Amino acid sequence: MRAARLIRLVLLLQSRPSMTGAELARELEVSERTVTRDVAALSEAGVPVYADRGRAGGYRLVGGYRTRLTGLGRTEAEALFLSGVPAALRGMGLADAASAARLKVSAALLPELRDASHTAAQRFHLDAPGWWQEPETPELLPAVADAVWDDRRITARYRRRDTEVERELEPYGLVLKAGVWYLAARAEGDFRVYRVDRFTSVEPSAAPGPHGRFERLADFDLPAFWEERAAQFARSLLREEVVLRLTEEGARRLPYVTDRTAVREAVAAAGAAGGPDGQGRITVTLPVESLDVAYGQLLALGPEAEVLSPPELRQRFAAAAARAADLYR
């Protein structure tokens with residue numbers, strides 16, 4: 001385990017000019033004291049790691065030191081070839097570059113590992129779009145991807161409801177979610193999310209800066225940003241509330257028909273309020289997108305869920321139950 005950590009430490013220093021002990025500790029998930037000991041072990045093994053002292057200090061490799069990929073094991077090599085999503089790479093116009101990179105990595109591997117790309121591809125495949133959706137690549141995706149790679153400002157026209165708006169954007173990152181491409185971009189000092197298929201035009205910006213480029217914020221974390229915004233978006237859709245009495249089976253099945261986070265919190269609140277009643281049912285207050293959406297979702301639970309309120313939704317379920325009883329009588 002320590003050997004793998006030492007290799008990772010060298011690769012981290014190889015990929016950046018310098019890193020502080022705190023940064024290395026965070027990346028390696030160890031203490032700064034462990035980083036100090038690991039650096040000393042590398043130095044004793046002949047790896048030229050140099051420590052800069054002082055407030056702006058850190059660790060760096062000297063003398064153009066580079067390690068080779070021959071230390072990769074089979075599992076690591078196969079995982080490396082799984083890191084790309086072919087359809088996504090094609091959509092961004094990067095299929096040729098990815099193919100060339102895989103060939104170079106294959107050439108650098110030990111002979112007994114050069115079939116890693118084939119063995120991985122035959123065992124795992126990522127199909128990003130959801131079921132019953134025809135995957136579509138937005139026409140302007142390659143232009144947006146180029147701007148993301150180059151940290152280049154763009155002037156974009158974007159469809160918003162029934163109008164088009166023009167924005168000066170600093171494109172930070174692309175996210176592929178359930179077959180839909182989203183752009184995380186900075187506009188007027190704030191970070192926002194845009195659906196790429198709603199762009200109607202994308203042009204290099206005339207904004208100031210060398211070659212129209214912007215200075216990327218060093219602490220921007222795309223996965224963390226997306227996770228936070230996705231959670232906010234999911235919550236923003238839940239504008240109504242319904243009160244339900246659920247059997248044990250209904251409580252088990254509810255997360256499969258509506259927002260899982262909302263269900264988890266609603267069930268936890270019901271437990272804190274006293275738990276099941278004398279019939280083994282729990283009463284939950286559940287946020288939903290709308291009463292129409294809730295009707296379609298909760299029908300799937302049948303008699304395992306009883307709608308208590310709002311009254312108009314309860315009446316709708318009562319009418320549906322009566323019609324179903326007539327059909328099966």
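Mentor: Let's start with one idea: contact means heavy atoms within 4.5 Å. Keep in mind that this is a predicted model.

Trainee: Okay, so which strands does helix 12 lie across?

Mentor: Helix 12, residues 291-298, lies across strand 8, strand 9 and strand 10. Against strand 8, the helix runs at about 25°.

Trainee: And in what order do the strands of that open sheet come?

Mentor: The order is 9-8-10, with antiparallel pairing. Strand 9 (282-288) and strand 10 (305-309) are at the edges; each has a single partner strand, so one side of each has no neighbour in the sheet. On average, neighbouring strands here are turned by 35° against each other, ignoring direction.

Trainee: How many bridges join strand 8 to strand 9?

Mentor: There are 7, joining residues 240-246 of strand 8 to strand 9. To find one on screen, pick Leu 244: its bridge partner in strand 9 is Val 284.

Trainee: Now strand 5. Is it largely enclosed or left open by the rest of the structure?

Mentor: Buried means under 20% relative accessible area. In strand 5 (residues 180-187), 7 of the 8 residues are buried, so the rest of the structure largely encloses it.

Trainee: What joins strand 5 to strand 4?

Mentor: They run antiparallel, with 7 bridges between strand 4 (residues 163-177) and strand 5. One pair to look for is Gly 173 with Ala 184. The two strands make a hairpin with 2 residues between them, and Ala 178 in the turn has a positive phi of about 50°.

Trainee: And how does strand 5 pair with strand 6?

Mentor: In the antiparallel sense, over 6 bridges, with strand 6 covering residues 190-195. Ala 187 stands opposite Asp 190. This is a hairpin with 2 residues between the strands, and here Glu 188 in the turn has a positive phi of about 55°.

Trainee: Let me try single residues. Why does Ser 205 count as buried?

Mentor: Because its relative accessibility is 11%, and the cut-off for buried is under 20%. Ser 205 is in the loop between strand 7 (199-204) and helix 9. Leaving aside residues up to four places away in sequence, Ser 205 touches Arg 153, Ile 154, Thr 155, Glu 168 and Gly 212.

Trainee: What about Ala 230: where is its place?

Mentor: Ala 230 is in helix 9, residues 222-236. At 29% relative accessibility, Ala 230 counts as partly exposed.

Trainee: Last one: which elements do the buried residues of helix 1 pack against?

Mentor: Helix 2 (21-28), helix 3 (32-44), strand 1 (49-52) and strand 2 (58-61). Those buried residues include Leu 6, Leu 9 and Val 10.

Note on methods. Residues numbered from 1 in each chain as written. Predicted model: local features only at pLDDT ≥ 70, side-chain atom pairs only at ≥ 80, totals over all residues. Heavy atoms only, no water. Pairing = 2+ DSSP bridges. Helix = DSSP H or I, 4+ residues; strand = E, 2+ residues; numbered from the N terminus. Axes fitted to C-alpha atoms, helices over the stretch in contact; angles between N-to-C directions. Buried < 20%, exposed > 50% of the residue type's maximum accessible area, 1.4 Å probe, protein only.
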